[in-house]
Amino acid sequence: MGTKTVDGAEAGAEAKNDEKAADEKAADEKAADEKAADEKAADKTAAEETAVDVTKASDEAGEPETEDSAAPADDELDELEDLAEEPEGPTGVGQGAGAIVSVALGLVSLTGGWIGTVAAARETLIGQLQTSSSASVAKQVKEVYGDAWQTTALWAGLFALVALITGVVVLARPAFGAPGRSQAPWIKSVAWAGVALGVIGLLLAVLKYSDALLGLPSTS
């Protein structure tokens, strides 16, 4: 009888332990299911946030440009089209060189050059050879000095005339070149300086050649 009671007690204890183990297993499974559900919900939330960010970025990228943002792009496009359609023409190097040459010739006409000096000396030598010592003083002065001075004035006038023509050609060149291509300001300035020097040199040469300026002294 005593043995049967002990066996019944042990069986009850084992059943109780099995029930407790089953409860713990069920609790563990429930906790695992809840954790998996939480992770799934977190993944779903992250996916939704990513989709929202992508949609927002797509909307910003595909947003049409406003007038303010499109205006600079249109202006740049117009400038590029103008550059592409601009006709090829002279670069202005020749015009700049012509303007500088005009100024140089104008200065030579005012200050004198070796050609004028040699020509004047030659005319003086010719006058000395062709004028006898018995000629009048007026004739000797004219043949030796007057003709030499006129020769100097003649060569100065020629340089001034070339300077004037060169400057005028440079200034008029754009009218016969590519349309729409303007002349550089410095070329115009230098060319006008050459024209001015040419006019001054030509005027002084004419006055000296006609003895209106610095004429021969009187020998009477």
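## A negative patch on the surface

A surface patch, as the word is used here, is made of residues with over 30% relative accessible area and no salt bridge, with like charges joined within 9 Å. By that rule, and in what is a predicted model, a negative patch is formed by Glu19, Asp23, Glu24, Asp28, Glu29, Asp33, Glu34, Asp38, Glu39 and Asp43.

One of the residues in this patch, Asp43, has its place in helix α1, which covers residues 2-61. Asp43 counts as exposed because its relative accessibility is 54%, and the cut-off for that class is over 50%.

## Overall architecture

The secondary structure of the protein comes to six helices and zero strands, so that, read along the sequence, the pattern is α-α-α-α-α-α. Of the 220 residues in the protein, 20% are buried, and the accessible surface comes to about 15900 Å², of which 62% belongs to carbon and sulfur atoms.

Among the contacts in the protein with a separation of 6 or more, 83% are accounted for by residues 24 or more positions apart. A single pair can be set beside that figure: Leu158 and Gly201 are 43 residues apart in sequence, and their C-alpha atoms are 9.2 Å apart in space. Leu158 is found in helix α5, which covers residues 137-172, and with a relative accessible area of 40% Leu158 is partly exposed.

## A buried serine in helix α3

Ser102 lies in helix α3, which covers residues 93-111, and counts as buried because its relative accessibility is 0%, where buried means under 20%. When residues up to four places away in sequence are not counted, Ser102 touches Ala163, Thr166, Gly167, Ala191, Gly194 and Val195.

## Salt bridges

How many salt bridges does a search of the whole structure find? The search finds three, and they are taken in turn here.

Lys139 forms a salt bridge with Glu143, the closest N and O atoms being 3.9 Å apart. Because these partners, Lys139 and Glu143, are four residues apart in helix α5, they are separated by about one helical turn. The two ends fall into separate accessibility classes, since Lys139 is partly exposed with a relative accessible area of 42%, whereas Glu143 is buried with a relative accessible area of 17%.

Asp147, which is also found in helix α5, forms a salt bridge with Lys142, and here the closest N and O atoms are 3.5 Å apart. Asp147 counts as buried at 13% relative accessibility, while Lys142 is partly exposed, with a relative accessible area of 41%. Leaving out residues up to four places away in sequence, Asp147 touches Glu123 as well as Lys142, so the salt-bridge partner Lys142 is also one of the residues in this list of contacts.

The remaining salt bridge joins the side chains of Asp211 and Lys208, with a distance of 3.9 Å from N to O. In this pair the acidic residue, Asp211, is partly exposed, with a relative accessible area of 34%, and Lys208 counts as buried at 14% relative accessibility.

Notes: Residues numbered from 1 in each chain as written. Predicted model: local features only at pLDDT ≥ 70, side-chain atom pairs only at ≥ 80, totals over all residues. Heavy atoms only, no water. Patch = residues over 30% accessible without salt bridge, like charges linked within 9 Å, V, L, I, M, F, W, Y side chains within 5 Å. Areas by Shrake-Rupley, 256 points an atom, 1.4 Å probe, with all protein chains shown as cover. Salt bridge = Lys/Arg side-chain N within 4 Å of Asp/Glu carboxyl O. Lys, Arg positive; Asp, Glu negative; His and termini not counted. Charge placed at Lys NZ, Arg CZ, Asp CG, Glu CD. Helix = DSSP H or I, 4+ residues; strand = E, 2+ residues; numbered from the N terminus. Buried < 20%, exposed > 50% of the residue type's maximum accessible area, 1.4 Å probe, protein only. Contact = heavy atoms within 4.5 Å.
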